[in-house]
Amino acid sequence: LKNSLSEEHTHLRTHLLPGMLDGLVRNSTLFDRIATFEVGKTYLPTDEQTLPNERTKVGIMYTDSTDSTPFTTVKSYVDALLSHLEVPYQIFTYTPSDGEQYMQKGRALQIKLGKESFGYIYELSSRIRSKYKVTTKVAFAEIDFESLLAHTGEKGRKFKPITKFPN
């Protein structure tokens, strides 16, 4: 970016993970359990002549100092979301490539609609956790929001007014 607000924000983000991980690091000294989500834009490069491919993504992050399996917790969050929206998804074991060293091998899943991949669930690798000085296991999911909306069933599209007096 030519007019970035700071030296740390000179490029468009391709993943939600780094920003969410920064938030986790800032809050990890205050809380033992952190569960957070973000809906935001990512920008994937195309060729140099055109604008990047702008996609809206949903990120879900979870860590708990007393939970040794945050991966299963995030998977249950994703299962609940997709089931509630009546999305006909399938989950497959995923083997990270050399460029995806932020994923823990053996702890990564790919979410698909037919042959189309629209998300991942994984545990952060120990290499990334040590770089950010995070001592607990961290699980993360990133889902393409536009693909999610395109495959949402009728139940997921119904409007419910927000209650005036929440519980």
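Start by selecting V74, V78, F118 and I121: of the 18 residues in the largest nonpolar core, these touch the most other members. A nonpolar core here is a set of buried Ala, Val, Leu, Ile, Met, Phe, Trp, Tyr and Cys residues joined through side-chain atoms within 4.5 Å, with buried meaning under 20% relative accessible area for a 1.4 Å probe, protein chains only.

This is a predicted model, where local features need pLDDT of at least 70, side-chain atom pairs count only at pLDDT 80 or more, and totals for chains, interfaces and linings use all residues. Numbering runs from 1 along each chain as its sequence is written, and side-chain values use heavy atoms, without hydrogens and water.

Next, colour β2 (53–64), α2 (70–84), β4 (103–113), β5 and β6, the elements that give two or more residues to this core. The most come from α2, with 4 residues. Helices (H or I, at least four residues) and strands (E, at least two) are DSSP runs, numbered from the N terminus.

Now centre on F118. Its contacts (heavy atoms within 4.5 Å) include L82, V87, Y89, I111, E142 and L148, leaving aside residues up to four places away in sequence.

For a second, separate core of 17 residues, pick out M61, Y102, Y122 and L124, which are among its members.

Finally, visit the second largest pocket by selecting H15, K57, G119, Y120 and E142, the residues nearest its centre among the 17 that line it. β5 (116–124) and β6 (138–144) each give two or more residues to this lining, and β5 supplies the largest share, 6 residues. A pocket is an open set of points on a 1 Å grid over the protein atoms alone, where a 1.4 Å probe fits, with protein on both sides within 12 Å along at least five of seven lines; lining residues have an atom within 4 Å of a point.

Key
Buried < 20%, exposed > 50% of the residue type's maximum accessible area, 1.4 Å probe, protein only.
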